[in-house]
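Here is a short briefing on a single chain, arranged by topic. Keep the structure open while you read.

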Amino acid sequence: MPQSPVPAQIKRPGFVFFLILVSTVILFAAEIAVMALGTIWALSGFLALGPVATAIVAVPLVTAALYCIVKLAVMAYEGERDLLSDDPTDA
């Protein structure tokens with residue numbers, strides 16, 4: 001009876017892992033946030049929107065930006081965690 005393959009051991013993430021992860025998320029989250037705020041500002045100015053209309057336009061844009069930031073953080077974590085694997089074909 002053949003033995004099932006043993007999964008590759010994953011090393012514990014250290015300080016450098018979290019430093020890279022946090023700095024990556026902060027950098028790209030800032031870019032996403034600035035892009036969303038710039039879009040809101042441009043639409044508000046071009047369309048001469050008042051405060052209420054600007055808030056209505058801002059809600060879906062800010063929601064989408066927050067979703068992108070969360071997905072970015074998850075993808076960055078998974079990507080960095082995959083680099084810790086001993087299996088060279090998995091990374």
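Helix α2 has 33 residues, which should span 48 Å at 1.5 Å a residue. Its end C-alpha atoms are 47 Å apart, in agreement with that figure. This is a predicted model, and the chain has two helices and zero strands.

**Helix α2**

- α2 runs over residues 51–83.
- α2 bends by about 30 degrees at A58. A proline, P60, follows within four residues of the bend.
- A58 is also one of the buried residues of α2. The others are T54, A65, I69 and A76.
- These buried residues pack against α1.

**Helix α1**

- α1 covers residues 15–46, 32 residues in all.
- From first C-alpha to last, α1 reaches 46 Å. That is close to the 46 Å expected at 1.5 Å a residue.
- Eight names make up its buried set: F17, L21, V25, A29, I32, A36, I40 and S44.
- An α-helix has 3.6 residues a turn, so residues three or four places apart point the same way.
- The buried residues of α1 pack against α2.

**The chain as a whole**

- The chain has 91 residues, and 16% of them count as buried.
- Its exposed surface is about 7,100 Å². Carbon and sulfur atoms supply 74% of that surface.
- Take the contacts between residues at least 6 apart in sequence: 70% of them join residues at least 24 apart.

**The loop between the helices**

- A48 follows α1 and sits in the loop between α1 and α2.
- Phi of A48 is positive, near 50 degrees, although the residue is not glycine.
- Most residues other than glycine have a negative phi.
- Is A48 buried or exposed? A48 is exposed, because its relative accessible area is 66% and the cut-off for exposed is over 50%.

**A polar contact between the helices**

- T54 lies in helix α2, and S44 lies in helix α1.
- Which contact joins their side chains? The side chains of T54 and S44 are joined by a polar contact of 3.1 Å.
- Both partners are buried: T54 has 17% relative accessibility, and S44 has a relative accessible area of 18%. Each value counts as buried because the cut-off is under 20%.
- Leaving out residues up to four places away in sequence, T54 touches I40, S44 and L49.
- With that exclusion, S44 touches L49 and T54.
- L49 is therefore on both contact lists, that of T54 and that of S44, where contact means heavy atoms within 4.5 Å.

**Aromatic pairs**

- The structure holds two aromatic pairs.
- One pair is F17 with F18, with ring centres 5.0 Å apart and planes at 90 degrees, so the pair is edge-to-face.
- The other joins F17 and Y77. This pair is edge-to-face as well, at 5.8 Å centre to centre and 80 degrees between the planes.
- What does the F17 and Y77 pair tie together? F17 is in helix α1 and Y77 is in helix α2, so the pair ties together parts that are 60 residues apart in sequence.
- Ring pairs link F17, F18 and Y77 into a cluster.
- Within this cluster, F17 counts as buried at 6% relative accessibility.
- F18 is partly exposed, with a relative accessible area of 40%.
- Y77 is partly exposed too, with a relative accessible area of 33%.

**After helix α2**

- S85 lies in the segment after α2.
- S85 is buried, with a relative accessible area of 12%.
- S85 and R12 are 73 residues apart along the chain. Their C-alpha atoms are separated by 9.8 Å.

Key:
Residues numbered from 1 in each chain as written. Heavy atoms only, no water. Buried < 20%, exposed > 50% of the residue type's maximum accessible area, 1.4 Å probe, protein only. Areas by Shrake-Rupley, 256 points an atom, 1.4 Å probe, with all protein chains shown as cover. Expected span 1.5 Å × (residues − 1). Polar contact = N/O pair within 3.5 Å; in protein donor to acceptor, adjacent residues only side chain to side chain. Phe/Tyr/Trp six-rings, centres within 6.5 Å; stacked < 30°, edge-to-face > 60°. Bend = angle between axes of the 7 residues up to and from the residue.
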